[in-house]
Amino acid sequence: MPSQLTRIVCVAAIGASTLNAQTPRQSPLTSARASQLADSILRLMTLEEKIGQLNQLPGRGTQTGPRAPTGGEAMIRTGRVGSFLGIFGADYTRELQQIATRESRLRIPLLFGLDVIHGFRTIYPIPLGEAASFDPARVEFSARQAAIEATAHGITWTFAPMVDIARDPRWGRISEGAGEDPYLGTVMAAAQVRGFQGGDKGTGLGAPDALLSTVKHYAAYGGAEGGRDYNSVELSERTLWETYLPPYQAAVNAGVATVMASFNDIGGIPAHSSEWLIGDVLRDRWGFKGLVISDWGGIGELIPHGVAANKGDAGILGIRAGIDIDMSDAVYADSLAAAVRTGRVPLALVDSAVKRVLRLKYALGLFADPYRFNDAARERLYTLAQPHLDAALQAAREGIVLLKNANRTLPLRKNLGSIAVIGPLADDGAAALGNWAADGRPEEAITVSAGIRKALGASARVVNVRGAPVDTVDTTGFAMARSAVADAEAVVLVLGERHNMSGEASSRASVELPGSQRDLALTVIRAAASGNKPVVVVLMNGRSLAIPELVRDAPAIVESWFLGNQHGRAVADVLFGDYNPGGKLPVTFPRATGQIQLYYNHRNTGRPADPANGYTSKYLDLPWTPLFPFGYGLSYTTFAYSSLRLSAPKIVAGDSLTVSVDVKNTGDRAGDEVVQLYLRDSVASVAEPVKSLKAFRRVTLQPAETRTVTFRIGADAFSLYDRRMRKVVEPGMFTVFVGTNSDDVASTHVQITGDTLVLAPATPRFR
Ligand code: NOJ
């Protein structure tokens with residue numbers, strides 16, 4: 001063995017012992033050992049081998065599972081690829097890892113990435129549905145279990161969480177994030193990073209069940225104009241910093257290992273070429289030490305964006321901006337070596353990118369043991385393991401939001417002799433799983449009608465009728481639906497969107513119910529009402545929907561998003577009262593598409609809507625208010641809020657404030673309430689939102705139980721970006737709101753005294 005290679009093996013051995021000896025507080029990502037190891041390998045690498053580490057290739061699907069692309073194995077042998085996307089399976093990834101670590105010159109192990117967004121084989125609710133739980137511990141736990149299952153299948157890296165704030169539900173990817181609110185977004189971002197990586201600040205990395213996590217899509221991908229996916233983003237710097245950037249920063253603070261650039265441009269600068277976003281903000285301002293990956297083909301797309309003439313130029317822009325790994329379009333592989341040799345790209349830039357890749361591999365312990373993710377026994381043990389299915393059920397229950405329940409229509413009696421389950425999604429396993437189901441299998445999902453059958457048992461007659469297709473206009477099934485209603489004691493209507501009507505490339509120009517579903521619903525509701533039969537609408541969808549007629553006519557509405565494998569069981573538990581729903585909306589529901597963008601934390605304008613004054617901010621043909629506000633959700637019990645109080649009526653800028661409220665369960669059964677705290681800075685140097693969420697807590701209360709819920713809010717909650725874009729706390733009066741949703745709150749005031757406190761200097765100037 002050549003002496004240089006002996007050295008690598010030695011360094012690798014040091015890496016292994018260091019890993020074992022690590023104190024729990026250190027992140028292996030940033031350790032000095034990782035850096036030393038990376039340097040020692042870097043010195044041995046040819047330029048082509050270096051660029052190989054920056055090259056990520058997609059796998060290709062075959063009947064036996066995702067395999068390496070044609071020619072992939074040869075590329076591993078020659079060191080031309082450093083990671084794969086979409087390849088999994090303990091045995092198969094081991095085979096590829098063996099090629100890398102036995103047959104390539106430098107024996108550098110591979111990374112295997114996959115979009116493990118809301119589960120791997122066990123599927124949890126879509127992120128929007130998980131956010132509706134307002135339960136970060138639950139969300140962290142789902143991510144933890146997803147990591148355990150995915151790593152058992154050879155995956156080392158997930159491209160999640162997606163934390164793009166979305167105020168426009170036409171944008172299909174709203175389903176993949178936590179919705180419209182920056183605070184909820186930051187809490188959920190950090191929870192998912194900790195869950196995937198097995199601890200805070202990267203300290204869990206190095207365990208064989210910890211996944212590298214990726215925060216995406218950096219930045220402001222959710223601001224796509226017109227809600228059209230991949231579209232340009234036009235935002236003020238203020239809104240970018242106030243609303244869109246905080247969740248990415250929260251992920252960085254939680255120790256996320258990697259960041260994915262977004263497809264969009266912001267104000268004419270595509271993210272894949274933005275030295276400002278990656279250099280000035282991510283690295284310099286936030287201190288991010290991990291790796292940046294392109295989105296699929298994002299570097300090559302600098303050509304159609306109109307900032308690069310050809311692939312060579314696109315690659316130069318990408319590496320200069322700070323994109324380390326090129327996902328899938330081989331721009332770096334094809335052109336970076338020439339750019340370095342002709343002096344257009346400094347070698348040092350390539351070296352830094354490669355070092356970051358090697359550090360990730362070290363952090364996972366792959367130099368110590370490249371096969372630690374390739375254990376077929378673990379794969380068998382964890383796939384659809386019972387504890388995972390149990391937790392997925394609980395996550396599904398917690399994500400359900402009860403939107404309406406007139407005259408206590410719900411819960412339904414369990415001793416029903418017959419029930420009609422009507423609608424195109426009632427038996428759709430793919431819809432239960434949602435749009436990023438990794439290796440999830442529709443046949444392993446419990447549909448709503450299957451869940452109802454199981455809950456009612458063999459003695460009840462459950463009749464399933466489609467009634468209408470999901471998204472084509474067709475009323476021929478209405479007659480059958482009416483006759484099913486006539487024959488049943490109760491009716492459940494399952495309506496909404498197919499799994500692939502949200503997610504990537506799935507924007508809709510209208511957020512109303514597609515096809516003939518609204519008319520089907522109104523027909524069925526009318527038929528049920530005339531027979532005096534209870535009727536409940538269960539919605540399955542990946543965005544907020546405009547459903548005013550349903551809200552007017554349906555006695556009960558349950559929002560169930562796409563809840564994963566256990567969808568139907570969770571819904572049945574709610575329908576028959578085995579679980580009392582407590583989720584809340586993480587997005588505003590509009591009355592019509594034309595109201596978009598409609599979000600609760602808007603600024604006030606100089607002419608806030610006033611019903612008595614025509615010359616105020618509103619519509620002629622619709623109210624300006626939402627159908628359901630952010631944070632809304634009912635329960636089978638009721639809660640009363642009282643005694644909102646503060647630790648002090650005045651605090652000095654920089655101090656914390658303690659806010660307490662008594663919440664009483666005033667109904668007759670136990671239930672969950674999400675207590676929400678909002679702030680408003682009424683007079684400031686810049687116009688601030690009418691209300692911003694600053695804290696929340698989901699609590700479970702027994703009948704008649706009163707709980708004092710206490711929040712401590714720090715200086716950051718009172719801060720804003722002033723006219724110079726400094727982050728400051730300004731003296732003045734703040735309104736403190738506490739309540740059950742963003743609209744239904746009690747309020748009091750606190751005065752901030754003293755001088756303006758600067759928490760952070762001016763943001764780097766956009767360039
Ligand atoms: C494109 C998507 O935008 C991104 O979210 C995903 O991680 C990659 N494709 C890889 O599948």
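A residue is counted as near a molecule when one of its heavy atoms lies within 4 Å of that molecule. By that criterion, the ligand in this predicted model is surrounded by Asp115, Phe159, Arg173, Lys216, His217, Met260, Phe263, Asp295, Trp296, Met327, Trp436 and Glu504. The points below take up this ligand shell, then helix 19, and finally two buried residues, Glu673 and Leu240.

**Ligand surroundings**

- Sorted by class, the shell around the ligand comprises six nonpolar residues, one polar residue and five charged residues.
- Asp115 places a polar side-chain atom 2.4 Å from an oxygen atom of the ligand, while for Asp295 the corresponding separation between a polar side-chain atom and a ligand oxygen atom is 2.5 Å, and for Arg173 it is 2.6 Å.
- The ligand taken alone exposes 300 Å², and the protein buries 94% of that area.

**Helix 19 and its cover**

- Within helix 19, which spans residues 448–456, the buried residues are Val448, Ser449, Gly451, Ile452 and Leu456.
- When helix 19 is viewed down its axis, these buried residues fall within an arc of 160°, and therefore they line one face of the helix.
- As background to such an arrangement, an α-helix has 3.6 residues a turn, so residues three or four places apart point the same way.
- The elements covering the buried residues of helix 19 include strand 12 (418–422), strand 13 (461–465), strand 14 (490–496) and strand 15 (535–540), together with helix 23 (567–575).
- Gly457 follows helix 19 and has a positive phi, near 80°.

**Glu673 in strand 20**

- Glu673 belongs to strand 20, which covers residues 671–681, and because its relative accessible area is 2%, under the 20% limit, Glu673 is classed as buried.
- The side chain of Glu673 is joined to that of Tyr641 by a polar contact of 2.7 Å.
- Leaving aside residues up to four places away in sequence, Glu673 touches Lys584, Phe639, Tyr641, Val663, Arg697, Arg698, Val699 and Thr740.

**Leu240 in helix 9**

- Leu240 sits in helix 9, made up of residues 237–244, and with a relative accessibility of 1% Leu240 counts as buried.
- With residues up to four places away in sequence again set aside, Leu240 touches Ala220, Leu235, Leu245, Pro246, Ile266 and Trp276.
- Leu240 and Ala219 are 21 residues apart along the chain, and their C-alpha atoms are separated by 8.8 Å.

Technical notes. Residues numbered from 1 in each chain as written. Predicted model: local features only at pLDDT ≥ 70, side-chain atom pairs only at ≥ 80, totals over all residues. Heavy atoms only, no water. Polar contact = N/O pair within 3.5 Å; in protein donor to acceptor, adjacent residues only side chain to side chain. Areas by Shrake-Rupley, 256 points an atom, 1.4 Å probe, with all protein chains shown as cover. Nonpolar A, V, L, I, M, F, W, Y, C, P; charged D, E, K, R; others polar. Buried < 20%, exposed > 50% of the residue type's maximum accessible area, 1.4 Å probe, protein only. Helix = DSSP H or I, 4+ residues; strand = E, 2+ residues; numbered from the N terminus. Arc of directions from axis to C-beta. Contact = heavy atoms within 4.5 Å.
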